[in-house]
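Q: I'd like to practise reading features from a model. Could we go through a few together?

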Amino acid sequence: MIYTCTLNPSVDYIVHLDELHVGELNRSVKTFTFPGGKGINVSRVLKRLDVDSTALGFVGGFTGGFIESELRKEGIACDFVHVPGQTRINVKLKAGRETEINGEGPMIADDDATQLIAKVGALSAGDVLVLAGSAPMSLSADMYERLAARAVKRRVRLVVDTSGPALEALLACRPFLAKPNHHELAELFGAAVLTKEDIILYGRRLVERGVEHLIVSMGGAGAFYFGREATLFAEAPKGTVKNSVGAGDSMVAGFLAAHTSGKPIEEAFAYSVAAGSATAFSEDLCTKEEVEALVDRVRVVRL
C-alpha cells in the first residue's frame, strides 16, 4: 500500500479574472476549488493512474471536511488526524500573472502529532510512505524525522518531496525516492545557481549517500534521473503552461505508478516527466489519458 502524508493540507481556491484591480471590486470569470497539499496531490494523481493510496495528515473544521469528502468522492482512502480549528484556504488569483495568498493552518498539539506518528508506526514492511510539502509552524522542527524514523523501523520505503533542512535530514534515511527541483538541490548544497554539470555531480553524490532513486526537476527545461545503475536526462514535451500547482507531485505519482507496475527505469522516468507536464498543461491535476498522450513525446537519454 502507498500512503501519502500531508502535514499542512489546504483547500485551494483558484480564481480566474480578466484583470486584477487592487483596492477595487473584482469579478471572477471562473473559479475552481480543490483539495490541496503535496501529498494529497500525489494521492489524487495516483488514483487517476489506477493506483490506490491512503491519505494521512491533519485536517480540521469544515475545510478539513471538504478535503475528506472530495477525496472519498474520488475513491481515495483517508486516515487523517482531526484537529481543532480550520484547515487553511490558499487563494490563487490568475489574471495574466498569478498571485497566491496562503492561509494559516490550525495549531497542531503534541497529542495530535503523536497520533500521526502512531499511524505511521502501524504500516507494514514494503509499504510506501510519501512525505511531501511543508510542515505547520506549530509542529516541532523534527516532525518529518520522527515520522521517517518510525517508518524506517517498520522497513517502509520512504518517498521524500520537501525542501530545506527537512530534505537534508530525510536524505540521511536513505529514501527509496527523492524529488527535489533544481532550486532545492542548489539550496541543499549551498549554491546559488546550478549548471547541468553541477546537477549531475550533486545528483550522483546523493545516490552515493544512499538515495535509491533521485529525480531532479527543472520545469520546462526537463529533468534528471539518478540511480545506482543509470543517470538519465529527459526533455520535457512542449505545451502551453496553464497550471503551476502540482506538477512536481504528479512526477512523484507518475514514477510510483510506473515503477510499481514493473516498468523499466527509463519508462518509469518518462512516465514521471509526462505526468508533470500533463498537469502543467491542464487546469487541474493530470488524467491518465493526458499522461499517455504525452509519454511518447518524452525523449530520455542515458548519460
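Q: Let's begin at the surface. Which residues make the nonpolar surface patch of about 310 Å²?
A: Happy to start there, keeping in mind that this is a predicted model. The patch is made by Tyr13, Phe62 and Ile89. Of these, tyrosine 13 lies in strand β2, residues 10-16. Its relative accessibility is 33%, so tyrosine 13 counts as partly exposed.

Q: How should I read the two faces of a strand, and is strand β1 mostly covered or open?
A: In a regular strand, side chains alternate between the two faces of the sheet. Strand β1 spans residues 2-6, and five of its five residues are buried. Ile2, Thr4 and Thr6 sit on one side, with Tyr3 and Cys5 on the other, and both faces are covered.

Q: Which strands pair with β1?
A: There are two to look at here. β1 pairs with strand β4 (residues 53-59) in the parallel sense, over five bridges. In that pairing, cysteine 5 stands opposite leucine 56 of β4. β1 also runs parallel to strand β9 (residues 128-132), joined by four bridges. There, tyrosine 3 has leucine 129 as its bridge partner.

Q: How many disulfides does the structure hold?
A: Zero. Cysteine 5 is in none, and the nearest cysteine sulfur, in cysteine 78, is 13 Å away. At 0% relative accessibility, cysteine 5 counts as buried.

Q: Why does cysteine 286 not bond to the closest cysteine sulfur?
A: Distance is the key. A disulfide needs the sulfur atoms within 2.5 Å. The closest cysteine sulfur, in cysteine 78, is 19 Å from that of cysteine 286, so it is too far for a bond. Cysteine 286 also counts as buried, at 0% relative accessibility.

How values were computed:
Residues numbered from 1 in each chain as written. Predicted model: local features only at pLDDT ≥ 70, side-chain atom pairs only at ≥ 80, totals over all residues. Heavy atoms only, no water. Buried < 20%, exposed > 50% of the residue type's maximum accessible area, 1.4 Å probe, protein only. Patch = residues over 30% accessible without salt bridge, like charges linked within 9 Å, V, L, I, M, F, W, Y side chains within 5 Å. Areas by Shrake-Rupley, 256 points an atom, 1.4 Å probe, with all protein chains shown as cover. Salt bridge = Lys/Arg side-chain N within 4 Å of Asp/Glu carboxyl O. Pairing = 2+ DSSP bridges.
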